Each structure stands twice: as C-alpha cells, then as structure tokens.
Amino acid sequence: MINPIIRLFKSKIYTAFALLFIVLLIGVLGFRTISGYSWVDAVYMTVITITTVGFGEVQPLDDASKIFTIFLILSSIVIVGYALSIITEYILSKNNYEDLIQKRMQKKIDKLKDHTIICGYGRNGKQAAVKLMSYKKPFVIVEKNKAVIEKFQNESTPFVFGNANEDEVLFQAGIERASTLISALPNDADNLFVVLSARQINNKMLIISRASQETSYQKLKLAGANNVILPDRIGGDHMASLVVVPDLIEFIDNLSIGGAENVNIEEIDVNKLYNTSNTVRTIRDLDLRNKTGCTVIGFKGSDDEYIINPEAEIKLVPNSKIIVLGRIEQVKKLNSIYDLD
C-alpha cells in the first residue's frame with residue numbers, strides 16, 4: 001500500500017538525481033574541454049564547485065573557465081538546493097505517513113474483540129491468516145520483521161510491529177480481549193515463551209502453538225498450549241499415507257473445508273438450529289438427509305467428547321455441535337434452510 005504522495009516524492013527524487021547527474025556531467029566535460037584538465041582533475045573541480053567546499057583550483061583559471069565556473073556554481077546551487085529539499089521532504093513525509101498508518105491500524109485493533117492473534121508471519125502464519133480470512137474471522141498479526149509488514153500490510157491484514165515475546169506487544173494486539181492465539185514462530189523456545197506469557201495474561205483463551213521438535217510438544221502443553229502442531233510430522237505422515245492409502249487421502253484432499261464457498265464439510269452449532277426450529281431434539285429430527293442431502297458424520301457434545309458417525313437418536317443438547325458432509329450445492333442448501341451463512 002503506497003501513498004500517492006510518497007509515490008510523487010519518489011518521482012521528484014528521481015528527477016533531482018537526474019539533474020545532479022547532468023550538472024556533474026556538464027561540469028566534467030566543461031573543465032575537460034575548456035580548461036584542458038585531466039579526467040581526474042575535471043571530476044575534482046566539478047565536485048568542489050558543486051558542493052562549494054572552498055578548496056583551491058587545480059591550476060589558475062582563464063576567463064573562459066571562470067565564466068563556465070560561474071555558470072556551474074549558479075546552476076548547481078539551484079539544483080542541489082532543490083534535491084536536498086525534495087529528499088528531506090520525502091523522508092519527513094514517509095515517517096509521518098507510517099506513523100499515521102500505524103495509529104489508524106491500532107485504532108482498528110483496539111476495537112476488536114474475540115479475535116485471533118497470529119504470532120509470526122512465516123509459512124504457517126500466512127496459511128493461518130488465509131484460512132481465517134476465508135472464514136471472515138478477525139485476526140491480528142504480530143511480526144518483528146518490518147520489511148514483511150511493509151510488504152503485506154493492508155486494510156484487511158492488520159499488523160503489530162514488535163517481538164511477540166514482549167507483553168507490551170501482545171497487549172497492543174489486544175490479547176486481553178482475544179479468544180485465540182496462534183504462535184507460529186520458527187523457534188520452539190520463542191513459542192514456549194509466548195505461550196507462557198499469553199496464558200498468564202488471558203487464562204481463558206485458546207492457544208495453538210507450532211513446534212519443530214517432538215521434544216517441545218509436552219513442554220508447550222505444560223506451558224499452557226491447548227493444541228501443539230508439528231508441521232513436519234504432519235507433512236511426513238501425509239506423504240506416507242499417500243503410499244499406503246492413496247485413494248483415501250486423495251478423497252480427503254479433495255474435500256473443501258474452509259471458505260465461504262465450495263465447502264463440503266460444515267460444522268454447525270446446535271444453538272443455531274434451535275433458533276430456527278423448536279422441534280429439533282435429536283439428529284433424526286433434523287432429517288438433514290431428506291431435506292438437504294447432507295449426512296451427519298460427527299457429533300461433539302457439550303462435554304467436548306466427539307462421536308464419529310453418531311446414531312440418529314443422539315440428543316442435540318445446547319452447546320453441542322454436529323459435523324455434516326455433502327456436495328457443495330447440498331451444503332449451500334443446508335446453510336440456506338437454517339440461515340447459517
């Protein structure tokens with residue numbers, strides 16, 4: 001995201017440097033041809049004349065050389081002054097604009113509630129952000145590499161510049177109001193420190209951490225992480241599964257879970273079903289197969305226990321969830337009937 005004012009200043013800077021180069025070239029060629037200086041002496045005379053440092057000439061100047069030097073001094077004063085003013089104005093404008101952007105972004109972050117904080121914007125952090133964005137879930141990214149922030153920051157991707165190990169930075173990201181924290185830093189020790197700090201500040205939030213070493217798994221759990229993900233182990237397991245059960249894995253890979261469109265698997269909060277129907281008591285009462293074509297493949301009770309392929313007589317108690325599977329058009333029909341969008 002580049003401010004048009006900054007872009008304008010950049011074009012002016014290019015113009016200023018071009019003018020400086022032209023003056024330098026004219027000076028060198030002038031002293032070379034008019035005064036008969038060597039190339040080194042011509043460059044030296046041009047530089048001390050343009051910068052007005054007051055050093056003496058290489059050799060006494062004749063009338064033609066003096067007239068040329070006067071012309072060079074007058075023109076260089078104007079051009080150098082113009083270049084310095086443009087460069088100074090550009091630096092001040094860029095700093096002021098970055099401060100303005102940061103303040104505006106901080107105001108937006110301060111209004112967030114029940115959002116997700118992503119610590120680290122590497123491969124895993126980017127994937128997490130894309131998934132959350134597809135679900136239209138609010139999130140904030142904490143990143144200490146300013147170059148990364150300048151490259152990826154926009155209105156829909158809020159960043160907090162700083163080290164996630166520092167409590168002050170986590171507070172800037174609104175950790176006391178956040179519902180989830182994803183620690184996707186490349187170093188396990190850093191992830192451990194972030195998990196410890198986050199758990200102390202907000203003991204109710206869901207904390208998910210990345211780990212590179214299997215030995216870090218239990219440490220992160222003890223530190224307060226609800227879930228610990230080992231990307232390397234998951235990747236290796238997935239590749240091995242493609243050898244052992246390739247068709248099954250290919251089928252699972254073709255299922256679309258995330259995003260507002262093209263979804264095959266949907267998680268439904270039972271509380272939402274009660275808002276649209278007072279007759280729903282069991283999975284059989286839903287009759288999703290006949291109404292939408294979707295199939296209930298999972299149930300999560302209020303005690304957080306999962307049941308795979310649940311029986312039709314299971315009661316849909318408040319705060320429980322069901323997982324349904326269907327073709328894209330069937331899931332869309334389900335969302336339409338129960339107003340789940």
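Throughout this tour, helices (H or I, at least four residues) and strands (E, at least two) are DSSP runs, numbered from the N terminus. The model is a predicted one, in which local features need pLDDT of at least 70 and side-chain atom pairs count only at pLDDT 80 or more, while totals for chains, interfaces and linings use all residues. Residues are numbered from 1 along each chain as its sequence is written, and side-chain values use heavy atoms, with hydrogens and water left out.

**Whole chain**

Begin with the protein chain in cartoon view, where 14 helices and ten strands can be traced. If the 341 residues are coloured by burial, 38% of them fall in the buried class, where buried means under 20% relative accessible area, exposed over 50% and partly exposed in between, with a 1.4 Å probe and protein chains only. Contacts (heavy atoms within 4.5 Å) can be sorted by sequence separation: among those between residues at least 6 apart, 58% join residues at least 24 apart.

**The largest core**

Next, select I117, C119 and L181, which touch the most other members of the 27-residue largest nonpolar core. Such a core is a set of buried Ala, Val, Leu, Ile, Met, Phe, Trp, Tyr and Cys residues joined through side-chain atoms within 4.5 Å. Two or more residues of this core come from each of α3 (63-110), β1 (116-119), β2 (139-143), α6 (167-172), α7 (188-201) and α8 (216-223), and α7 gives the most, with three residues. In soluble globular proteins, nonpolar side chains tend to be buried together.

Keep I117 selected and show its surroundings: leaving out residues up to four places away in sequence, I117 touches V140, V142, L170, A173, G174, I175, A178, T180, L181 and I182. Elsewhere, a second, separate core of 18 residues can be picked out, with V263, L273, V324 and L340 among its members.

From I117, step to V142 in strand β2, a residue that counts as buried at 1% relative accessibility. Beyond four places in sequence, V142 touches I117, I118, C119, G120, V160, G162, A164, V169 and A173. A distance label between the C-alpha atoms of V142 and G120, which are 22 residues apart along the chain, should read 5.9 Å.

**Strand β4 and the strands beside it**

Now select β4 (residues 180-183), a strand covered on both faces, with T180 and I182 buried on one side and L181 and S183 buried on the other. In a regular strand the side chains alternate between the two faces of the sheet. Two strands pair if DSSP finds at least two bridges between them; β1 and β4 run parallel and are joined by four bridges, with I182 in β4 as the bridge partner of I118. Four bridges also join β4 to β5 (residues 206-210), again in parallel, and here T180 stands opposite L206. Following the chain from β4 through α7 to β5 traces a right-handed β-α-β crossover, a term that applies if, with the strands pointing away from the viewer, the path from the first strand over the helix to the second runs clockwise.

While β5 is in view, select S209 in that strand, which is buried at a relative accessible area of 2%. Apart from neighbours within four places in sequence, S209 is in contact with S183, N191, V195, L220, A225, N227, V228 and I229.

**Aromatic pairs**

Show the aromatic rings next; the whole structure holds four aromatic pairs. Rings of Phe, Tyr and Trp (its six-membered ring) pair if their centres lie within 6.5 Å, and planes under 30 degrees apart count as stacked, over 60 as edge-to-face and the rest as tilted. F31 and Y37 are a stacked pair, at 5.9 Å centre to centre and 10° between the planes; F31 is buried with a relative accessible area of 0%, and Y37 is buried with one of 2%. The rings of Y121 and F159 make an edge-to-face pair, because their planes lie at 85°, with centres 5.2 Å apart. That pair links distant parts of the chain, 38 residues apart: Y121 is in the loop between β1 and α4 (123-134), and F159 is in strand β3 (residues 159-161). Adding F68 to F31 and Y37 completes one aromatic cluster.

**Helix α14**

Finally, select α14 (residues 328-337) and colour its buried residues Q330, V331, L334 and N335. They lie on the same side of α14, because they cover an arc of only 140° around the axis, taken from the directions from the helix axis to the C-beta atoms. The buried residues of α14 pack against β7 (265-269), α13 (288-291) and β10 (321-325). Just after α14, the tour stops at D339, which takes a positive phi of about 50°.
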